[in-house]
Amino acid sequence: MKVIVGSEEKISALIAEEFIKQVNAKPNSVLGLATGTSPLGVYANLVKANKEGRVSFKDVVTFNLDEYIGLDGTHNQSYRYFMNVNLFDHIDIDKSKTHVLKGVGDYLAYANQYDAEIASFGGIDLQILGIGSDGHIAFNEPGTPFDSLTHVAELAESTIVDNSRLFNDISEVPTKAVTMGLKSIMNARKIVLIATGINKAKAIKNLLRGDKTEEVPCSILQDHPDCTIYVDEAAYSLVK
Ligand code: GLP
């Protein structure tokens, strides 16, 4: 794993350039996208680059990592809604080529064919990840098998607490989600992970200095052949 340390502004711009490079080299790239506050700066940079004509997303295919069970795509905390308002609505992407797991209805059937659907497009070329304070990636909480594909996951108590800041009340935070598994994520050809703030410092230390163990889901990334970790000073502070 490579590590790049810089301000949130700087690392967001650097990751955006990786996406721009990828899409300009292969206009029909398959991109793996993440939600959460961490990738917001990256998405803002991509919107700007698209408006400036530096990149076009019109042939791009996207797959998102996860979705809360119980929220449909119009709910303002659903990940489909997040992707629309923070990225898709502002770029020249064909929305029919954007895939987000379903949180309602036949969500299980959709989840069960998600990995095959990704494979049918040739697999993910470039995947962006955030990280949970407990070391989760997507919604793969501690204890998730390393060989997991897309599945239903129970959210850890700490994740419910972390994510409650975005809801009116903690009781509104869904307790389950559908998520790409750890193996699904590892299948991506290239991975970039972004982490900022002191709340992520322990997870980053475990990722960069800890053992590879299912108790620390992100530690599986230690085995990925092309994974770069982008952190700010606060998130990196326990590593030095
Ligand atoms: C959620 C998402 C993860 C994300 C994490 C961190 O639990 N399922 O994909 O990485 O939150 O979110 P944030 O970037 O807001 O700290």
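Here is a short chat about the pockets, the cavity and the ligand in this predicted model.

Student: Which pocket does the ligand take up?
Tutor: Start with the space that the ligand fills in the model. That space is the largest pocket. So the name to write down is the largest pocket.

Student: What volume does the largest pocket have, and which residues are closest to its centre?
Tutor: The volume comes out at about 580 Å³. There are 29 lining residues, and the ones closest to the centre are Thr35, Gly36, Thr37, Asn163 and Arg165.

Student: Which elements give two or more residues to that lining?
Tutor: Go through the helices and strands that meet this requirement for the largest pocket. One is a strand, β4 (66-68), and the others are helices, α3 (79-86) and α6 (157-163).

Student: How do the residues of the largest pocket's lining divide by class?
Tutor: Sort the lining into nonpolar, polar and charged. The split is 11 nonpolar, 14 polar and 4 charged.

Student: How many residues surround the ligand, and which are the closest?
Tutor: The shell has 4 nonpolar, 7 polar and 3 charged residues. In total 14 residues surround the ligand, and the closest are Thr37, Ser38, Asp66, Arg165 and Lys200.

Student: How far is a polar side-chain atom of Lys200 from an oxygen atom of the ligand?
Tutor: Polar contacts here need N or O atoms within 3.5 Å. Asp66 has a side-chain N or O atom 2.8 Å from a ligand nitrogen, and a polar side-chain atom of Asn163 is 3.3 Å from a ligand oxygen. For Lys200, the distance to a ligand oxygen is 2.7 Å.

Student: What share of the ligand's accessible area does the protein cover?
Tutor: Take the ligand on its own, with 390 Å² of accessible area. With the protein in place, the covered share is 94%.

Student: Which residues line the largest cavity?
Tutor: The whole-structure search finds 1 cavity of 30 Å³ or more, and the largest cavity holds about 30 Å³ of space. Its lining has 8 nonpolar, 1 polar and no charged residues. By name, they are Phe19, Leu31, Leu33, Leu46, Phe57, Thr62, Leu87, Ile91 and Ile93.

How values were computed
Residues numbered from 1 in each chain as written. Predicted model: local features only at pLDDT ≥ 70, side-chain atom pairs only at ≥ 80, totals over all residues. Heavy atoms only, no water. Near = heavy atom within 4 Å. Polar contact = N/O pair within 3.5 Å; in protein donor to acceptor, adjacent residues only side chain to side chain. Areas by Shrake-Rupley, 256 points an atom, 1.4 Å probe, with all protein chains shown as cover. 1 Å grid on protein atoms, 1.4 Å probe; cavity = no way out; pocket = protein on both sides within 12 Å on 5 of 7 lines; lining within 4 Å. Sits in = over half its atoms within 2 Å of the grid points. Nonpolar A, V, L, I, M, F, W, Y, C, P; charged D, E, K, R; others polar. Points joined across faces, edges and corners; volume = space filled by probe spheres on them. Helix = DSSP H or I, 4+ residues; strand = E, 2+ residues; numbered from the N terminus.
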